[in-house]
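Here is a friendly walk through the charged and aromatic side-chain contacts of one protein. Please have the structure open as you read along.

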Amino acid sequence: MSDIETTTSKRLLLVSGRANEPLAEAVALELGTKLASLTAYDFANGEIFVRFNESVRGTDAFVLQSHSDPINKWIMEQMLIIDALRRASARRITVVVPGIDRPPGPLLGLPPFGFPGAVPARPEPRILRATRRGRDVPA
């Protein structure tokens with residue numbers, strides 16, 4: 001038998017959209033980490049551009065994006081971030097949606113499993129809805 005040792009390490013990656021950057025910075029400070037370096041901006045015609053400025057391969061990525069006004073823009077930006085993470089081979093993707101207290105069930109008219117057919121690649125993202133009371137409520 002050979003004495004080959006392998007080490008695996010998981011890396012937490014906290015990603016934030018532009019909907020609530022101060023909240024994301026506060027969460028990163030609480031976790032003792034930094035936000036991932038991300039370039040995101042709007043083109044003149046309203047299209048959204050998203051690109052990571054660092055490698056995300058093999059990371060456990062947490063996408064923190066508030067769904068406030070304009071909600072369509074922020075949901076589209078969130079889906080583009082998820083797509084970019086998948087294409088860059090993130091190991092696991094968890095979407096964290098901070099919001100006000102809501103009863104368990106569909107989130108803003110969306111089914112509990114997320115955005116059906118929006119981004120069909122793997123891994124399938126998990127959705128975690130956080131409330132003001134400090135409870136974590138899986139969507």
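R87 is an exposed residue, its relative accessible area being 67%. Bear in mind that the model is a predicted one. The salt-bridge partner of R87 is D83, with 2.7 Å between the closest N and O atoms. D83, in contrast to exposed R87, is buried, at 18% relative accessible area. Both residues belong to helix α2, where they sit four residues apart and hence about one helical turn from each other. An α-helix has 3.6 residues a turn, so residues three or four places apart point the same way.

**Salt bridges beyond one helix**

How many salt bridges does a search of the whole structure find? The search gives five. Two of them share R18, and they are worth taking one after the other.

The first to look at joins the side chains of R18 and D42, with an N to O distance of 2.9 Å. R18 is in the loop between β1 (12-16) and α1, while D42 is in strand β2 (residues 38-42), so this salt bridge ties together parts that lie 24 residues apart in sequence. Both ends are partly exposed: R18 has 22% relative accessibility and D42 has 33%.

R18 also meets the side chain of E77 in a salt bridge, here at 2.5 Å from N to O. Because E77 lies in helix α2 (residues 71-87) and R18 in the loop between β1 and α1, the pair ties together parts that are 59 residues apart in sequence. Is E77 buried or exposed? With 0% relative accessibility, E77 counts as buried.

These contacts belong to a wider arrangement, for R18, D42, K73 and E77 are linked in a network of salt bridges.

The three salt bridges described here can be set side by side:

| Salt bridge | N to O distance |
|---|---|
| R18 and D42 | 2.9 Å |
| E77 and R18 | 2.5 Å |
| R87 and D83 | 2.7 Å |

**Both ends of helix α1**

Next comes the helix that follows the loop holding R18. Helix α1 covers residues 21-31, and at its start a side-chain oxygen of N20 comes to within 3.3 Å of the backbone nitrogen of L23. After α1 comes G32, which has a positive phi, near 75 degrees.

**Aromatic rings**

Now for the rings: the count of aromatic pairs comes to three. One of them is Y41 with F43, whose ring centres are 5.5 Å apart and whose planes stand at 75 degrees, so the pair is edge-to-face. Y41 is partly exposed at 37% relative accessible area, and F43 is partly exposed as well, at 39%.

F43 pairs with F49 too: the ring centres are 6.1 Å apart and the planes at 75 degrees, so this pair is also edge-to-face. F49 has 19% relative accessibility and counts as buried, since the cut-off for buried is under 20%. Through such ring pairs, Y41, F43 and F49 form a cluster.

Key: Residues are numbered from 1 along each chain as its sequence is written. This is a predicted model: local features need pLDDT of at least 70, side-chain atom pairs count only at pLDDT 80 or more; totals for chains, interfaces and linings use all residues. Side-chain values use heavy atoms; hydrogens and water are left out. A polar contact is a pair of N or O atoms within 3.5 Å; within protein, one must be able to donate a hydrogen and the other to accept it, and residues adjacent in sequence count only if both atoms are side-chain atoms. Helices (H or I, at least four residues) and strands (E, at least two) are DSSP runs, numbered from the N terminus. A salt bridge is a side-chain nitrogen of Lys or Arg within 4 Å of a carboxyl oxygen of Asp or Glu. Buried means under 20% relative accessible area, exposed over 50%, partly exposed in between (1.4 Å probe, protein chains only). Rings of Phe, Tyr and Trp (its six-membered ring) pair if their centres lie within 6.5 Å; planes under 30 degrees apart count as stacked, over 60 as edge-to-face and the rest as tilted.
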